[in-house]
Amino acid sequence: MKKIITSIAICGLALALPAQNKLIINADQGKETISKHIYGHFSEHLGRCIYGGYWVGEDSPIPNTRGIRNDVVKALKDIQIPNLRWPGGCFADEYHWMDGIGPRNQRPKMVNTHWGGVTEDNSFGTHEFLDLCEQLACEPYICGNVGSGTVEEMSKWVEYITFDGESPMANLRRSNGREEPWKVKFWGVGNENWGCGGNMTAAFYTDLYRRYATYCRNYGDNRLYKIAGGPNAADYNWTETMMKNAAGQMQGLSLHYYTVPRTWGNKGSATEFDEAEYFTTIEKALSMDELVTKHSVIMDRFDPQKRVGLIPDEWGAWYNVEPGTNPGFLYQQNTLRDAIVAGVTLNIFNAHCDRVKMSNIAQTVNVLQAVILTEEEKMLLTPTYWVYWLYKVHHDATLLPISLTCNKYEQDRRRMDAVSASASKDASGKIHVTLVNIDPNREQTVETYLRGATVKKVTGKILTSTKSSDHNTFDKPNTVSVKDFNDAKLSKESLSVTLPAKSIVLLEMEQ
Ligand code: AHR
């Protein structure tokens with residue numbers, strides 16, 4: 001009888017007490033650097049990403065510098081955009097770069113068959129893109145045309161942009177007004193070569209990759225970082241084939257994975273979803289961890305030194321387009337749910353920074369999981385933008401190993417960890433922790449212990465809102481935005497952090 005009473009009492013106690021989340025940060029054990037390039041972006045000639053999103057032309061009433069809108073450049077500089085992938089995407093394998101140089105009014109037009117069948121007038125080409133990257137102070141990442149192009153075409157593009165001496169391509173560049181070569185390190189050799197980039201087999205593309213890689217040259221001190229077209233999500237055979245036969249000729253291998261809550265035919269709405277769909281979205285976003293882990297295991301076999309980077313250069317949430325918009329333009333709104341997707345995904349990439357050297361969310365402006373939306377002269381920053389703003393503290397910081405035990409978020413008998421976390425130390429010794437409370441219903445208190453450091457001061461920022469479907473509109477652009485966070489209590493033993501439901505928190509700790 002006494003035993004029964006005791007166990008009832010213990011159960012009662014367990015029900016009364018909030019369950020514990022415990023985070024241990026090993027502040028003195030950091031080894032790996034979180035490359036700032038993990039925080040990269042992707043912009044394609046698709047819908048209103050390039051045209052309207054960046055490029056408005058020199059004669060536009062929208063304030064611009066040489067045709068590129070100033071508000072978008074400023075917003076992207078504020079998140080310290082490290083690199084920008086261009087011109088696609090599927091568009092890259094239809095794009096012939098020579099159509100996009102020379103006087104704009106003489107450039108040939110083409111049909112953008114992938115994206116809405118619209119006319120592409122080539123007014124935004126190589127010079128405009130590299131001007132954009134200079135204005136952004138970010139590194140260009142150019143994807144060459146393998147699907148419908150030639151080895152010669154891509155090798156001449158490298159020569160046109162990066163060669164300093166006398167050559168047909170360098171002279172052509174000069175005749176188009178650019179004397180000095182640009183520095184462009186990152187080059188992708190085609191896009192989705194298993195799909196829109198040519199529907200190739202892994203074996204066929206591997207051989208083709210080797211040819212392209214051979215003729216894309218290093219000119220002067222411009223050392224190319226060649227990124228091979230990688231697998232579609234869980235296609236492990238693709239990674240195996242590429243790594244076995246071409247690892248020595250690549251610096252990076254791309255990976256594409258999109259979070260689609262329902263099916264490709266009906267992906268679900270960006271703004272109208274129930275909790276079951278919220279759960280599924282986050283669950284699918286979290287499967288990035290399994291993808292990166294399994295591709296890395298294969299890469300480790302052929303490249304134990306981890307010389308080749310795994311580059312998820314297209315990722316993000318993909319929903320049905322906004323009602324009434326062109327289905328080929330992939331324009332979607334962006335809610336707090338998307339901020340959670342970004343927060344957990346970037347925490348995953350940080351954790352794998354020994355192998356993941358770059359990533360590019362799709363796509364920067366007006367397309368898919370955009371950080372910026374524009375409407376003529378208006379611009380808004382999405383909840384996903386604010387995640388990039390919070391997480392810029394991790395750029396080139398040292399990853400701190402963590403151990404996290406946490407509650408489960410349960411929904412209709414499905415469960416997942418309620419909390420995601422990442423910690424790093426920057427060059428000045430400040431420690432930053434990014435925490436995501438995935439649970440849309442319950443706050444989570446995280447007891448945080450720092451090993452190997454004594455914290456003197458903690459400050460914080462938070463991104464949250466009333467509903468997970470909350471989003472910013474041109475009329476109400478600040479519904480979801482960053483605020484100060486004051487719910488981290490420092491004691492002798494630990495730091496007690498209370499994360500509101502569905503929130504993303506950044507803590508800064510000074511030693
Ligand atoms: O980002 C939109 C498209 O998704 C890209 O063009 C393609 O690479 C992928 O399938």
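The disulfide between C90 and C196 is left-handed, because the torsion about its S-S bond is about -90 degrees, and the two sulfur atoms lie 2.2 Å apart, where a disulfide is taken to be a pair of cysteine sulfur atoms within 2.5 Å. This is a predicted model, in which local features need pLDDT of at least 70 and side-chain atom pairs count only at pLDDT 80 or more, while totals for chains, interfaces and linings use all residues. Residues are numbered from 1 along each chain as its sequence is written, and side-chain values use heavy atoms, with hydrogens and water left out.

A search of the whole structure finds 1 disulfide. C90 sits in the loop between strand 5 (83-86) and strand 6 (110-112), and C196 in the loop between strand 9 (186-189) and helix 6 (202-215), so the bond ties together parts that are 106 residues apart in sequence; helices (H or I, at least four residues) and strands (E, at least two) are DSSP runs numbered from the N terminus.

The partners differ in their surroundings: C90 is buried, with a relative accessible area of 11%, whereas C196 is partly exposed at 26%. Here buried means under 20% relative accessible area, exposed over 50%, and partly exposed in between, with a 1.4 Å probe and protein chains only.

Two further cysteines can be considered in turn. For C143, the closest cysteine sulfur is that of C196, at 9.3 Å, too far for a bond, and C143 is buried with a relative accessible area of 0%. C216 is likewise in no disulfide, its nearest cysteine sulfur being that of C143, 11 Å away, and C216 counts as buried at 5% relative accessibility.
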